[in-house]
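The exercises below ask you to read contacts, ring pairs and salt bridges from a structure. Each task is followed by a solution that proceeds step by step.

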Amino acid sequence: MLHRFAPLALLALPAVADAAAFSGKASLPDGRPAYGAMVTVSDATGTMRQTVYAAADGSYAIRTPYAGKLKLRVRMAGFADGETTREAGATSSARVDLALGQFASLAAMNETLSASAYNARLPWPDVRRDRPAFVSQCNYCHQVGNAWTRVPRDHEQWIAEVAKMENMLAMPSKAEGATIARVLAQGFDGKPFAASQSYGASAELAKAKVREWLVGDGYTFIHDADIAQDGLLYGTDEGHDLLWVLNRETGKIDKYPLPDSHLPRGGLFSGMKLPIGQFTGQHGPHSMAQTSDGRIWITNALSSTLMSFDPKTKAFKLYPVGHDALYPHTIRVDAHDVVWFTIVASNQIGRFDPKTEQMTVLHLPANGVLRWVTDMLFSTLMRIGSWFPGEAVHLNLSTHRFFGTRILAFPYGIDVNPVDGSIWYAKLYASKIGRIDPVTLAVKEWDTPMQGPRRPRFDAAGKFWIPAFDEGGLMRFDPKTERFATWRIPVVGRNEYETPYALNVDRRSGQVWMAANNSDRIIRFDPASQRFFTYPSPTRVTVLRDFSFTSDGQVCSSSSNMPAAAIEDGRANFVCIEPEGGAIDRKALGG
Amino acid sequence: MNLARKRPGMAALVAGTMAVVALLVGYLGLSAYGYLVPAVVALICAALVWQGRLAGLVRVIALVSMVSGTLLVLVLALGDGLGDRKLDISAVALLVNLATGGPATALVAPLLLLGLRPGRPLATWFA
């Protein structure tokens, strides 16, 4: 694998600034090497940290740009964290051996498990029948099973929780909601239990390095993060109507508030109750893509508008999508600088030409009479809801209450085929993918073999890679043969399942990167060997919704569990994985 | 109303259809309470047709339901040119339609209105 990343690694080497460097051994409580353990160094403020993974002999080496009183932590599934602090100067290097500990109790061990270990124990009456609605509607926005969500509640309290989520756009049917509440009341009982999770150490893992920067507050919701032409990492904060900008070299984070609109809190969704602070903005900036002139195009989900941001002037400009468009979502730019985006809640695709400023909204196939009725009525119901702000009255007219989620089509992810320039999308609830001819706008759709196609991407050869969120799978579609291939994502514990949300393909290496949001992992799939490689997140409660690549091969995203307060740090973060960063540090430190 | 009169087949057909549809919509309304309104209205209409009472009210309800339902479908399908007004119009049409028995009543309405023309057995039944 090294050959794939080696050129990128050489490019990255001179750019790495090192102040405090540490090396040593990470060991298990019995003294054996802790292969795959995460060794994390946090800066003196606790707002930035870097992590490497221990090699088979337990050795690690890490260079950081930090100075001052630094915290070192070793972490590995099945063991208690080991921690120490070191005072580091501007260019200090120290040997620090770190040991994992034993848990004082079963309950203490349980606190370290990922959400997947908890929701694996939920007593579904019929897993195949009853769990899909839970995965689709609950895991959609956040983990269920982390410390924030696994608090024991009785059935009535869980019914109230389900209702609260419905007030924020979750769409289980009444019957599904009742089942979910009953199962969660039984499954999250607060009693300690035995469990074992393995995150699968590998030589590949020991080469990697992770960088994290905390950002915002407990209700920051950076849905997507993207590397722009200037090398900065931009993040759209749907919760606070902000554009965050991170300079990865300096760690400096700037924020740019979106201009005010005439819309109320919640935008076109002001009829929702919005109980826990999310969707508090008017615009709800969601996704980004950049045209060759440098402008960054943002879909504003709540105000149903398109917005441009000029990184040079910092100026925003607003473009209404119009019609009955509801919730502009994922956005991409084609080779002619035309902007394409999905509009999830009204089953449409938007096309905007920045040169002519012409907006076109394309209705996608209805996929049945009932879906047509629901898709058509959804925007109307939101309009009715907006006449009664915060009352969620429209829910009592929504057909999802008896038909469930599948009654909507929900065009979600979108990408441009680099081979022929065609536009492809995935319908999350209808479980279809579709192709749009960019000239004629003719549409053709295919059923996916796995449910819940989420945010697909093309590789350089024009193969379409699709995460199957509802079934914990990976799909590949070849537009030439019109055939699918499928894989199940490996899990970390017995009876667990995975929820792949973000996916992107590094077109230089061909590697497929996916988020495994149920178990705090990032996964790399190597199409050549058909092997999955796991990168455990240093931070518990990691939910990633999109990936972007830096010019030196790093894979970046934003941690956006709803709410961010449930993340281990209580805040959102930007995160970048450097697949060869650990190996570079090891080499630089003579390892 | 003369109870000794024989109920025309059209009255039984329309009332029966509306009652069945009302019960179905009412069942959906157990999950989404807003649908209880059209269920109740449709059930009342079915009872009125069955008994041959308040022809004027039944006619108005059927007419408004049909017009609002038709308007709703037309605006949703073809109303992009209305701009932001599209959703205001469709929202009002939907609420009016639900208040007058919902889509199911709107579908039965043409049959009902045709039957209520002067001289028809259904109109005579209401006389």
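**Exercise 1. Salt bridges within chain A**

Task: state how many salt bridges the structure holds over all chains, and determine which parts of chain A are tied together by the pair Arg49(A) and Glu212(A).

Solution. The model is a predicted one, and over all its chains it holds 41 salt bridges. Begin with Arg49(A) and Glu212(A), whose side chains meet in a salt bridge at 2.8 Å, N to O; this lies inside the cut-off of 4 Å between a side-chain nitrogen of Lys or Arg and a carboxyl oxygen of Asp or Glu. Next, place the partners: Arg49(A) belongs to strand S3 (residues 48-53) and Glu212(A) to strand S9 (residues 209-215) of chain A, so the salt bridge ties together parts that are 163 residues apart in sequence. As a last step, look at accessibility, where both Arg49(A) and Glu212(A) turn out to be buried.

Task: repeat the analysis for Asp224(A) and Arg455(A), and say where in chain A each of them is found.

Solution. The side chains of Asp224(A) and Arg455(A) form a salt bridge of 2.8 Å, N to O. Asp224(A) sits in strand S10 (residues 222-227) of chain A, whereas Arg455(A) is in the loop between S25 and strand S26 (457-458), and the two residues, 231 residues apart, link distant parts of the chain. Asp224(A) and Arg455(A) are both buried. To complete the exercise, add a case that goes beyond a single pair: Arg75(A), Asp81(A), Arg540(A) and Glu568(A) are joined in a network of salt bridges.

**Exercise 2. The contact between chain A and chain B**

Task: describe the contact between chain A and chain B by its residues, its buried area and its salt bridges.

Solution. Start with the residues, of which chain A contributes 20 and chain B contributes 23. The size of an interface is often given as the accessible area that is lost when the parts come together. Here chain A and chain B bury about 2,000 Å² between them, with 67% of it on carbon and sulfur atoms. Then turn to the specific pairs: three salt bridges are counted between chain A and chain B, along with nine residue pairs in polar contact, both residues being at pLDDT 80 or more. On the side of chain A that touches chain B, the elements giving two or more residues are helix H7 (369-386) and helix H8 (400-403) of chain A, and H7(A) supplies the largest share, eight residues. By type, the residues on this side of chain A divide into nine nonpolar, seven polar and four charged.

Task: which residues of chain B meet Arg383(A) in a salt bridge?

Solution. One partner is Asp84(B), whose side chain meets that of Arg383(A) at 2.9 Å, N to O. Another is Asp88(B), with a salt bridge to Arg383(A) of 2.8 Å, N to O. This second pair crosses between the chains, from helix H4 (residues 85-99) of chain B, which holds Asp88(B), to helix H7 of chain A, which holds Arg383(A). Both Asp88(B) and Arg383(A) are buried.

**Exercise 3. Aromatic pairs**

Task: classify the pair Trp424(A) and Phe464(A) by its geometry, and explain which parts of the chain the pair ties together.

Solution. Over all chains, the structure holds 28 aromatic pairs. For Trp424(A) and Phe464(A), the ring centres are 5.5 Å apart and the planes 55 degrees apart, and the pair is tilted. Trp424(A) lies in strand S23 (residues 423-427) and Phe464(A) in strand S27 (residues 464-468) of chain A, so parts that are 40 residues apart in sequence are tied together. Trp424(A) counts as buried at 1% relative accessibility, and Phe464(A) is buried with a relative accessible area of 0%.

Task: treat Trp446(A) and Phe477(A) in the same way, and then name the cluster of rings to which they belong.

Solution. The ring centres of Trp446(A) and Phe477(A) are 5.1 Å apart and their planes stand at 50 degrees, so this pair is tilted. Trp446(A) is in strand S25 (residues 443-447) and Phe477(A) in strand S28 (residues 473-478) of chain A, so the pair ties together parts that are 31 residues apart in sequence. Trp446(A) is buried at a relative accessible area of 13%, and Phe477(A) is buried at 0%. Finally, ring pairs link Trp424(A), Trp446(A), Phe458(A), Phe464(A), Phe477(A) and Phe484(A) into a cluster.

Technical notes:
Residues are numbered from 1 along each chain as its sequence is written. Chains are lettered from A and ligands numbered from 1 in the order in which they are written. This is a predicted model: local features need pLDDT of at least 70, side-chain atom pairs count only at pLDDT 80 or more; totals for chains, interfaces and linings use all residues. Side-chain values use heavy atoms; hydrogens and water are left out. Contact means heavy atoms within 4.5 Å. Buried area is the accessible area (1.4 Å probe) that two parts lose on being put together, summed over both. A polar contact is a pair of N or O atoms within 3.5 Å; within protein, one must be able to donate a hydrogen and the other to accept it, and residues adjacent in sequence count only if both atoms are side-chain atoms. Helices (H or I, at least four residues) and strands (E, at least two) are DSSP runs, numbered from the N terminus. Ala, Val, Leu, Ile, Met, Phe, Trp, Tyr, Cys and Pro count as nonpolar, Asp, Glu, Lys and Arg as charged, and the others, Gly among them, as polar. Rings of Phe, Tyr and Trp (its six-membered ring) pair if their centres lie within 6.5 Å; planes under 30 degrees apart count as stacked, over 60 as edge-to-face and the rest as tilted. Buried means under 20% relative accessible area, exposed over 50%, partly exposed in between (1.4 Å probe, protein chains only).
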